[in-house]
Amino acid sequence: MARSRKSGRPIDTKGRQPHFLPVHLFSYHDGVLHCEGVNLEELADQTGTPAYVYSAETIRGNFRRLDAALKPLDHLICYAVKANSNLAVLDLLRREGAGFDIVSEGELFRVQRAGGDPAKCTFAGVAKTADEITAALRAGIHSFNVESEPELERINDIAGSLGLKAPIAVRVNPDVDAKTHKYISTGKSLNKFGIGLDRAAEVYARAAELPHLHLRGVQTHIGSQILEPEPFAEAAAKLVPLVESLRDSYGIEFFSIGGGVGIVYDPALASGDPAWWQSADHPRRITPEDYAAAIVPILQPLGLRILFEPGRFMVGNAGVLLSTVQYVKTNPAKTFTIVDAGMNDLIRPALYEGYHEVVPLRQTGREPAVMDVVGPVCESGDFFAQDREVPPLAENDRIALMSAGAYGFVMASNYNSRPLLPEVLVEGEKWTVVRQRQTLEDLVQGESIP
Ligand code: LLP
């Protein structure tokens with residue numbers, strides 16, 4: 001792939017019209033970061049920090065853009081709830097017509113609580129328990145994505161005991177390299193996910209013998225934060241012969257090619273310069289249009305319904321984590337800017353060396369300096385930026401950690417007995433706290449001293 005001489009980033013050389021749509025609606029007005037029409041400094045004054053903020057219009061725009069790119073296919077977008085499972089986010093996507101990809105009874109509960117239709121829910125995961133399978137069957141989900149042969153037998157037995165037929169797809173592992181972080185790569189045979197392509201036909205033959213299963217589809221998912229269209233095309237092409245034969249032998253109706261479309265983390269805001277979106281240096285490594293252009297020609301001839309399970313793409317760039325500088329500490333080797341958000345609030349840097357752009361809520365005009373931005377937790381892994389150029393910050397300055405809408409709040413914990421953060425949804429000029437900050441009482445809820 002060709003790269004920009006200036007930035008070294010990949011550029012589009014295939015003669016396709018580049019797509020310059022902004023990937024989110026966070027930008028500076030009068031030197032202050034806004035989300036849509038909301039001044040984030042004013043918001044932070046009221047909610048306190050740390051706090052997560054999501055842009056409704058960005059989420060909606062992402063859904064519509066992907067949906068439009070996939071228009072040549074008979075398709076259903078099943079949003080991967082794990083990326084951000086706040087009820088308000090689920091409700092917003094439900095209104096757009098999304099189905100949901102769930103991985104637990106808890107996610108099914110959330111989808112139903114948000115008014116989502118179980119008949120548009122696919123259920124993934126390698127360790128579905130009997131209780132979860134029962135709940136999903138009773139709710140009438142669209143299908144189970146089955147990850148192993150013993151799971152197939154278990155689903156069959158439970159469906160039989162309930163007098164139901166369980167709709168299933170088998171997750172097939174195509175053994176392709178998704179070229180992403182090893183912890184979020186799932187489509188290689190060394191990963192725990194799915195059933196190998198070489199054994200898939202045999203497993204379907206066994207499934208066809210089980211009386212309480214309805215063979216409804218085929219599924220695959222190769223990983224997350226994938227920044228090139230090629231691995232998706234490769235996985236789809238590898239599975240097409242199998243899908244054709246399953247369609248012809250068992251009348252399967254759908255092929256799900258999972259999620260995984262990556263987003264821009266670095267940089268996500270570029271100091272709010274609108275010209276940046278138009279420049280050849282914009283790191284548009286994958287767009288919904290690139291993705292669709294790579295896979296539609298492979299999938300359309302199947303004549304089946306195609307399911308998608310995007311998570312990060314829908315919500316990642318649509319959220320930020322607001323935080324306040326507590327102290328600035330310098331030693332001979334480094335400057336540490338210590339903020340009030342920690343790895344328990346956003347674990348991506350610690351777990352995957354994930355990059356989140358750090359920007360001040362109020363532009364300072366100061367020249368960036370090299371520093372570490374770290375949290376309060378008692379671990380050296382508790383950092384958001386290491387040796388990074390950030391505008392110098394002082395005590396009580398506020399920052400935003402960009403692109404924190406996916407796998408942010410949902411991966412948070414109470415480590416160090418820190419209450420879970422509030423989540424705020426912005427809609428135009430309005431904002432709503434869609435999850436309250438936990439209280440100290442919440443921290444000990446359910447505990448007792450015998
Ligand atoms: N479908 C299946 C079966 C999945 O396992 C996943 C994500 C998705 C869909 C959605 O993938 P997405 O479109 O969001 O890439 N916590 C990690 C990401 C873990 C992804 C797990 N599976 C991170 O923060 O990067």
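**Figure 1. The ligand takes up the space of the largest pocket.** In this predicted model, the shell around the ligand is made up, by class, of six nonpolar, six polar and six charged residues. Among the 18 residues that surround the ligand, those that come nearest are S224, E309, R312, R348 and Y407.

**Figure 2. Polar atoms of K82, D101 and G311 face N or O atoms of the ligand.** On the side-chain part of this view, a polar atom of K82 lies 3.4 Å from an oxygen atom of the ligand, while an N or O atom in the side chain of D101 is placed 3.5 Å from a ligand nitrogen atom. G311 takes part through its backbone, where a polar atom is 2.8 Å from an oxygen atom of the ligand. On its own the ligand has 580 Å² of accessible area, and the protein covers 91% of this area.

**Figure 3. The ligand lies between domain 1 and domain 2.** The chain is divided into domain 1, which is formed by residues 2–56 together with 317–443, and domain 2, which spans residues 57–314. Because both domain 1 and domain 2 give residues to the shell around the ligand, the ligand is described here as lying between them. The C-alpha centres of domain 1 and domain 2 are 28 Å apart.

**Figure 4. The largest cavity is lined by residues that include T220, F232 and I257.** The complete lining of this largest cavity consists of T220, I222, F232, A235, A236, F255 and I257, and the space within the cavity comes to about 40 Å³. When cavities of 30 Å³ or more are counted in the predicted model, the total is two. The space taken by the ligand, by contrast, is a pocket, and it is the largest pocket.

Note on methods
Residues numbered from 1 in each chain as written. Predicted model: local features only at pLDDT ≥ 70, side-chain atom pairs only at ≥ 80, totals over all residues. Heavy atoms only, no water. Near = heavy atom within 4 Å. Polar contact = N/O pair within 3.5 Å; in protein donor to acceptor, adjacent residues only side chain to side chain. Areas by Shrake-Rupley, 256 points an atom, 1.4 Å probe, with all protein chains shown as cover. 1 Å grid on protein atoms, 1.4 Å probe; cavity = no way out; pocket = protein on both sides within 12 Å on 5 of 7 lines; lining within 4 Å. Sits in = over half its atoms within 2 Å of the grid points. Nonpolar A, V, L, I, M, F, W, Y, C, P; charged D, E, K, R; others polar. Domains from an automatic or database assignment. Points joined across faces, edges and corners; volume = space filled by probe spheres on them.
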